[in-house]
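Got the viewer open? Let's take a walk through this one, stop by stop, with something to select at each.

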Amino acid sequence: MTKTMFEPSITSRPVYGVLSPGVGSAHLFVADGEGADAVCDLFAKAEAAEMKAASHIIYMPGANGCDKTADLQALGVAQFYRAPSFASAQSRLAKVLADAHMGLQIYAAGTEGLMAQVAALAQAAGLPYEAVQMEHRGSLARRVQCVHCKGVTENVRLDPFHCSHCGLSLFVRDHFSRRLAAFQGVNIDAEDPGQVPASVERFK
Amino acid sequence: MSVGAPKIPVVVAEVVEVNALIKRFRFQRRDGAAMPVFSGGSHVVVEMDDHGTRRMNPYSLMSHPADTLGYEISVRRDEVGRGGSLYMHTHVRPGMEMVLSQPVNLFPLDARAKKHLMIAGGIGITPFLAQMAQVEAMGGRFELHYSVRSPALGAYVEHLQEQYGSRVHVYYDELKQQIDLKTLLKSQPLGTHIYVCGPKGMIAWVKATAAAMGWPALAVHSEEFLAPPVGLAFEVQLAASGKSFTVQPNQSLLEAIEAAGVEAPYLCRGGACGQCETDVLRCDGHIEHNDHWLTDAQKASHTKIMPCVSRFRGAALILDR
């Protein structure tokens with residue numbers, strides 16, 4: 001079982017599908033860690049064969065160390081680019097989107113934080129949010145914004161956790177911001193300072 | 001606008017014959033106050049008292065959205081329709097008092113778009129006149145592709161070319177000119193949104209072509225008001241208000257409900273907005289669904305009807321109204 005099942009939650013919480021070959025003039029894939037498997041599964045489908053010549057894959061290893069660069073390179077798509085992190089891939093992504101035409105299909109696979117940031121960039125480029133295909137693979141660690149100091153902490157596994165910017169104890173909500181590409185963390189002991197429940201590893 | 005919303009009492013300030021088929025009407029408030037500012041793509045419902053028959057037709061606003069001194073619409077004369085456009089053409093004169101609804105926008109520009117690609121067919125140009133003025137004022141990027149039958153019937157072509165220059169592309173059917181849609185859609189920068197207003201066939205063509213080329217459905221916007229079709233007379237019973245009456249061949253079900261003194265919700269009166277959706281309690285016969293609001297499954301179930309454009313054939317129709 002590779003596809004992640006999520007507990008039903010509030011409507012703000014994103015849900016993801018399974019990548020499938022889209023119709024279009026060009027195809028941009030952005031994946032991290034285990035997300036590479038979703039891309040490989042798509043290209044294993046017969047109808048994806050003719051997409052390869054118009055496909056561009058941007059890949060970064062997962063924060064957990066998962067690196068499937070070799071699998072993606074073996075696909076033989078027109079362009080493959082490996083970046084050490086999402087941040088370091090951003091200038092390339094911005095250039096690709098700036099040069100692109102309508103008809104470009106965008107696919108994101110891997111962790112929620114990665115997919116959300118790709119979707120946010122696509123939206124900033126004028127595409128509807130729904131235009132980005134997303135498939136979750138790998139870690140459930142979250143990208144969380146502290147609603148108090150606005151700092152974003154990547155790869156949050158514990159709940160509550162200490163904001164890496166202001167140090168408050170934050171409860172991680174399912175409330176999600178598409179614009180910020182982050183879940184929202186709110187101070188858990190604001191009314192009873194010091195009353196912080198023990199942290200649990202909720203996001204593995 | 002819907003039940004209870006304040007209407008705008010106006011006087012006809014100007015009637016201009018644009019060409020053999022199209023007239024332009026300008027309305028100003030009777031009390032001299034300012035019109036509400038609207039957004040490009042909005043329409044108003046114009047109320048007409050056609051010799052005892054109340055007609056309420058939606059027309060796109062084509063004047064500058066920031067012009068609060070008056071509203072302008074253009075009306076294409078339809079010889080075979082139910083008579084609303086003919087009434088506007090033959091009876092409406094400067095100085096006449098009429099009533100407009102508040103502006104409603106079912107065809108707005110998506111402000112997130114990087115570029116607006118507008119495709120108009122014939123009288124479908126009207127919402128774009130307001131939209132282009134709005135985009136221009138906001139410093140946005142747009143391109144208009146406007147298809148008309150002949151130079152003689154190309155309403156506002158000169159004005160548009162003068163105002164917007166090379167961003168306006170005109171195609172004349174008579175000269176065998178056609179929008180090269182595939183080439184056009186292939187070269188659009190990422191973030192472009194399409195807006196299409198015109199005949200049903202043109203809208204379907206643009207939507208299908210864009211979808212086949214990988215455009216997201218949410219980046220393709222369209223508007224088509226349906227005129228309520230004429231049909232056979234039929235009986236209807238309203239359960240909640242306890243009334244029964246006949247809907248005449250050239251009357252819509254909504255108009256008949258209103259004529260019976262029952263207030264029913266509505267907005268566009270053209271099968272587009274969904275406001276007048278009504279539950280069907282009993283249907284012994286066949287509902288002629290003419291809207292593009294209900295889903296195919298809803299239409300097949302015969303449990304809902306859009307009284308603004310849809311009709312009925314059969315023994316008994318009972319509505320929850």
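Before you click anything: two residues are in contact here if their C-beta atoms, placed from the backbone, lie within 7 Å. Keep in mind too that this is a predicted model.

**Stop 1: the two domains of chain A.** Color chain A by its two pieces, domain 1 (26-136) and domain 2 (142-201). Their C-alpha centres are 28 Å apart. Now look at where they meet: eight residues of domain 1 of chain A are in contact with seven residues of domain 2 of chain A. On the domain 1 side of that meeting place, you'll find five nonpolar, two polar and one charged residues.

**Stop 2: chain B as a whole.** Hide chain A for a moment and show chain B as a cartoon. You should see seven helices and 17 strands. Chain B has a radius of gyration of 20 Å, close to the 20 Å from the globule rule for 321 residues, so it is as compact as a globular protein of that length. Turn chain B around its principal axes and the C-alpha trace spans about 60 × 50 × 35 Å. Of its 321 residues, 41% count as buried. Take contacts in chain B between residues at least 6 apart in sequence, and 68% of them join residues at least 24 apart.

**Stop 3: strand S6 of chain B.** Select residues 97-100 of chain B, which form strand S6. Which strands pair with S6(B)? One is strand S1 (residues 8-17) of chain B, antiparallel to S6(B) over four bridges; there, put B:Val11 and B:Glu97 on screen, since they stand opposite each other. Another is strand S3 (residues 42-50) of chain B, also antiparallel, joined to S6(B) by two bridges. For that pairing, show B:Glu47, which faces B:Val99.

**Stop 4: the chain A–chain B contact.** Bring chain A back. Here 18 residues of chain B are in contact with 17 residues of chain A. The chain B side of this contact is made up of 10 nonpolar, five polar and three charged residues.

**Stop 5: the core.** In soluble globular proteins, nonpolar side chains tend to be buried together. The largest nonpolar core in this model has 132 residues, and the members touching the most others are A:Val39, A:Ala108, A:Val118 and B:Ile194. Helix H4 (residues 112-124) of chain A gives the most to this core, with seven residues. Finish by centering on B:Ile194: setting aside neighbours within four places in sequence, its contacts include B:Leu117, B:Ile119, B:Trp215 and B:His221.

Technical notes. Residues are numbered from 1 along each chain as its sequence is written. Chains are lettered from A and ligands numbered from 1 in the order in which they are written. This is a predicted model: local features need pLDDT of at least 70, side-chain atom pairs count only at pLDDT 80 or more; totals for chains, interfaces and linings use all residues. Ala, Val, Leu, Ile, Met, Phe, Trp, Tyr, Cys and Pro count as nonpolar, Asp, Glu, Lys and Arg as charged, and the others, Gly among them, as polar. A nonpolar core is a set of buried Ala, Val, Leu, Ile, Met, Phe, Trp, Tyr and Cys residues joined through C-beta atoms within 7 Å. A residue is buried if 20 or more other C-beta atoms lie within 10 Å of its own, exposed if 12 or fewer, and partly exposed in between; C-beta atoms are placed from the backbone. Two strands pair if DSSP finds at least two bridges between them. Domain bounds come from an automatic or database domain assignment. The radius of gyration is taken over C-alpha atoms; the globule rule is 2.2 Å times the number of residues to the power 0.38.
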